[in-house]
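Work through the exercises below with the model open beside you. Try each task before reading its solution.

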Amino acid sequence: MNTFRLKEGMLLGTASAATQIEGGALDHSWMDWWRQGHIVDGTSPERANDHYRLWQQDDALMRDLGLQIARIGVEWARVEPQQGVFDEDAVAHYVQEAELLIGYGIRPLVTLHHFTNPMWFEKAGAFENPANLPVFLRFVEKMVTAFGTRVHEYITINEPNVYATNGYFFGLWPPGDRNLKRTVRVMSALAVAHIEAYRLIHALREAMGATDTRVSFANHMRVFAPRNPRNPVHRILTRVMEHLFQGALSKALCVGVFPWPLHRRGHHARGRYCDFIAVNYYTRTTVDSLNDGVRENVPVTDLGWEIYPEGIVDCARKLYRLCPAPIYITENGTCDNADSFRCRYICEHLRALCESELPVERYYHWCFLDNFEWTAGESARFGLVEVDYPTQRRTVKQSGAFFRDVIAAGGVTEAIFERYVRDQVYRTNVKTGG
Ligand code: BGC
């Protein structure tokens, strides 16, 4: 069947991160990473989408597409440019943006930390340094207090596993180290930071009289599968990789249980620290070594990631078993520079979710606009809306129109499928000789 209906009450919208869309010459870890020459096309987050200036226009476009929800981020380096010194105009800006979205009937979900640190925090050892935990919590308190009763849903930290492994194990992201011990230390510290932020946000909002608080962290989840299921080495490595990359961390952040190799430094944390399950899902990893492999002869995105729609359900189900709670897909999307298969990609992932038994309440597509894709810079396009960077002109893509129509129809009808999906095909990474 090509058609399907969204689950009862399920809401659709988009996700974004401050560093990737806002622009501005800020002193943070990604500006520094660009200065060090690590962005493949040489572009910097200083340009991005200029969203900090164009926010009203962008939010009106979200309304025009009928989005019901939006995951938005706060740039810590903008709000607290020097340690302990808050820029009240920047704080007010985020509150205004949340108010505008709410006025449009779009519910905001606010991410407090999405990969980027102010340089003063980075230089002080970032999360690895236990003395910095209260510093992070002070920023959390500042923002949650400012949003007050307007915003009731928060993501404390985006993808702690990606932040820790890319930055401290693979050396691909700031601070660029390749050190397993440090990676584990940072992962453990992020788990504690999330738990403390979770408690703090609940306490602050309780004091405001709010009873509708929902807090979680965005869990980057992949399917891990052995390249050759009959090969015992591949099978063992698959389990090890899954545990080290996501299994152990999910437990620590969701329920405060710190399995090996994580450690909690005397922190007594058993409990429940997610009011909803937040899953960021993109792909499947094929395992034959301690690396992020991709099998051959499968559909792939323009970044070479395998397209594996059923995986979104496997990942959500795993977390649901660990911590039964409403499920929000807080990110799912694809690099498709020509926008030639994004409609099919969205359709297949949404269908898998809607046909599952799971209580999926939200789907946030990554991303609204093409944006600064970390080390890929402006070269990788994930948006429903195209951005012409030199002029900052926005043009709704075919996939943006598809998403709008799916929201309006409450699912994929035969007419929508015919118009947007039927003719779209994926590229396959066919193995060529040698
Ligand atoms: C991140 C986003 C990123 C997206 C696509 C996620 O891991 O949270 O910031 O742009 O993947 O790579």
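Helices here are DSSP runs of H or I with at least four residues, strands are E runs of at least two, and both are numbered from the N terminus. The model is predicted.

**Exercise 1. Locate the two cis peptide bonds named in the solution and place each proline in its loop.**

Step 1. Start with Pro174 and Pro175. The peptide bond from Pro174 to Pro175 is cis, with omega near 10 degrees.

Step 2. Place Pro175. This residue is in the loop between α8 (160-169) and α9 (180-207).

Step 3. Go on to Trp260 and Pro261. A cis peptide bond joins them, and omega is about 5 degrees.

Step 4. Place Pro261. The loop that holds Pro261 runs between α10 (232-255) and β7 (277-287).

**Exercise 2. Describe the backbone at Glu159 and the contact its side chain makes with the ligand.**

Step 1. Find the loop between β5 (153-158) and α8; Glu159 lies there.

Step 2. Check phi. Glu159 is not a glycine, yet its phi is positive, about 45 degrees.

Step 3. Turn to the side chain. One of its N or O atoms is 2.6 Å from an oxygen atom of the ligand.

**Exercise 3. Characterise the ligand site: which residues come nearest, and how much of the ligand does the protein bury?**

Step 1. Find the site. The ligand sits in the largest pocket.

Step 2. List the neighbours. There are 13 residues around the ligand, and Gln20, Glu159, Glu331, Glu373 and Trp374 come nearest.

Step 3. Sort the shell by class. Six residues are nonpolar, four are polar and three are charged.

Step 4. Add further polar contacts, using a cut-off of 3.5 Å between N or O atoms. A polar side-chain atom of Glu331 is 2.8 Å from a ligand oxygen. For the side chain of Tyr282, an N or O atom is 3.4 Å from an oxygen atom of the ligand.

Step 5. Get the burial. The ligand taken alone exposes 310 Å², and the protein buries 95% of that.

**Exercise 4. Trace the hairpin formed by β11 and β12.**

Step 1. Set the direction. Strands β11 (residues 385-388) and β12 (residues 393-396) run antiparallel, joined by four bridges.

Step 2. Pick one bridge. Glu386 has Thr395 in β12 as its partner.

Step 3. Cross the turn. Four residues lie between the strands, and Gln392 in the turn has a positive phi of about 60 degrees.

Technical notes. Residues numbered from 1 in each chain as written. Predicted model: local features only at pLDDT ≥ 70, side-chain atom pairs only at ≥ 80, totals over all residues. Heavy atoms only, no water. Near = heavy atom within 4 Å. Polar contact = N/O pair within 3.5 Å; in protein donor to acceptor, adjacent residues only side chain to side chain. Areas by Shrake-Rupley, 256 points an atom, 1.4 Å probe, with all protein chains shown as cover. 1 Å grid on protein atoms, 1.4 Å probe; cavity = no way out; pocket = protein on both sides within 12 Å on 5 of 7 lines; lining within 4 Å. Sits in = over half its atoms within 2 Å of the grid points. Nonpolar A, V, L, I, M, F, W, Y, C, P; charged D, E, K, R; others polar. Pairing = 2+ DSSP bridges.
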